[in-house]
Amino acid sequence: MNIILIAILIAAAWIYLVKFYGFKNNRMIYGVSFNTEYASYLGLDVKESFNKILDEWQFKYIRLSAQWDLIEKKPGQYDWNDLDWMMNEAGKRNVKVILALGNKTPRWPECHFPKWIDASNHQPDLLNFITTVVAHYKNHPALEIWQVENEPFLNFGDCRPISSQELKEELALVKKLDPFHPTMVTDSGELSLWSRTAKQADIFGSTLYRVVWNKTFGYWSYDWILPAFTYTAKLWFNGRDVNTAYITELQAEPWIPDAKLAETPLAEQFKSMSLKRLKSNVEFAARTGMPRAYLWGAEWWLWLEGKGNTDFSDYIKQLKKF
């Protein structure tokens with residue numbers, strides 16, 4: 001009987017921790033990520049979409065990428081047009097930008113090498129590219145934070161592994177070229193203990209996904225496995241102040257089976273991202289105690305609007321942006 005009682009008490013305590021416990025930050029600020037290549041893939045007008053994010057949805061914090069294959073398509077020839085335009089539009093509205101650069105930047109296939117690069121010996125070319133990007137944007141009024149690499153040690157995407165030494169080399173280079181803007185390193189909130197990343201930079205960034213899909217298990221929920229306090233605890237164990245950590249990818253779009261999103265039925269998409277799930281994710285993020293969360297899915301909400309579904313974007317408009 002005692003064993004049964006203990007099991008009941010443990011189960012009750014765990015349910016409390018999962019459902020209710022957390023250092024809720026009612027002042028959490030919500031930003032957003034945006035990727036021009038993904039927006040184009042979904043058939044969106046990039047400039048119209050970006051202006052909507054800034055003007056209609058009123059986001060004041062945004063994460064962009066200096067995507068290598070889009071900027072340096074030929075060695076030493078740089079196309080800044082799209083990124084300059086977005087940075088300038090952000091600057092006009094006093095919107096602050098996290099600018100990601102490096103070997104890995106957000107969106108599949110993660111590593112965005114130009115076609116001319118030798119991926120097995122790319123570090124000298126990468127450092128030259130980083131140098132050029134930092135020189136180009138370090139005095140831009142919209143720049144707030146340099147994100148160096150995106151989840152550098154996570155085995156995900158079409159990438160070769162990044163070494164700790166390479167990451168340190170890139171961070172040191174950015175700091176040397178621009179000592180005035182903070183740096184950020186990110187990691188998976190679900191698949192890492194953050195021991196190699198949490199203290200590498202001035203700011204730490206974590207993903208936050210609640211429903212994913214893989215070939216082995218199909219759809220998989222973290223709801224009963226990773227309570228909000230585990231994110232706070234990992235920061236504490238790694239000596240990182242919660243106030244210097246952001247959620248850089250808060251899941252706000254579906255994680256679907258291996259297929260093109262535009263060809264996947266909405267009923268399938270909503271299995272991993274419904275409006276109810278989005279609201280739950282936003283509430284969960286606040287319970288981690290981190291002060292800022294960047295939503296991941298703006299391109300999808302815009303795509304849904306084109307299909308007459310404004311439920312997600314209507315909800316997003318109500319979130320605290322500043």
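## Strand β6 and Thr 207

Strands are DSSP runs of E covering at least two residues, and they are numbered from the N terminus. In this predicted model, strand β6 covers residues 203-208, and Thr 207 has its place there. Thr 207 counts as buried because its relative accessible area is 3%, where the cut-off for buried is under 20%.

## The surroundings of Thr 207

When neighbours within four places in sequence are left aside, Thr 207 is in contact with Glu 151, Asp 187, Ser 188, Gly 189, Glu 190, Tyr 231, Thr 248 and Glu 249. Two of these residues can be described in further detail, namely Gly 189 and Glu 249.

The side chain of Thr 207 reaches the backbone nitrogen of Gly 189 at a distance of 2.8 Å. As for Glu 249, this residue is 42 residues away from Thr 207 in sequence, although the C-alpha atoms of Thr 207 and Glu 249 are 4.5 Å apart in space.

## The cavity

Elsewhere in the report's scope is the question of enclosed space, for which a search of the whole structure finds one cavity of 30 Å³ or more. The largest cavity holds about 40 Å³ of space.

Its lining is made up of Ser 33, Phe 34, Asn 35, Arg 63, Leu 64, Ser 65, Pro 106, Arg 107 and Trp 296. Strand β2, which covers residues 61-65, gives the most to this lining, with three residues. By character, the lining residues of the largest cavity divide into four nonpolar, three polar and two charged.

Definitions and conventions: Residues are numbered from 1 along each chain as its sequence is written. This is a predicted model: local features need pLDDT of at least 70, side-chain atom pairs count only at pLDDT 80 or more; totals for chains, interfaces and linings use all residues. Side-chain values use heavy atoms; hydrogens and water are left out. On a 1 Å grid over the protein atoms alone, a cavity is a set of points where a 1.4 Å probe fits but cannot get out, and a pocket is an open set with protein on both sides within 12 Å along at least five of seven lines; lining residues have an atom within 4 Å of a point. Grid points are joined across faces, edges and corners, and a volume is the space filled by probe spheres set on the points. Helices (H or I, at least four residues) and strands (E, at least two) are DSSP runs, numbered from the N terminus. Ala, Val, Leu, Ile, Met, Phe, Trp, Tyr, Cys and Pro count as nonpolar, Asp, Glu, Lys and Arg as charged, and the others, Gly among them, as polar. Buried means under 20% relative accessible area, exposed over 50%, partly exposed in between (1.4 Å probe, protein chains only). Contact means heavy atoms within 4.5 Å. A polar contact is a pair of N or O atoms within 3.5 Å; within protein, one must be able to donate a hydrogen and the other to accept it, and residues adjacent in sequence count only if both atoms are side-chain atoms.
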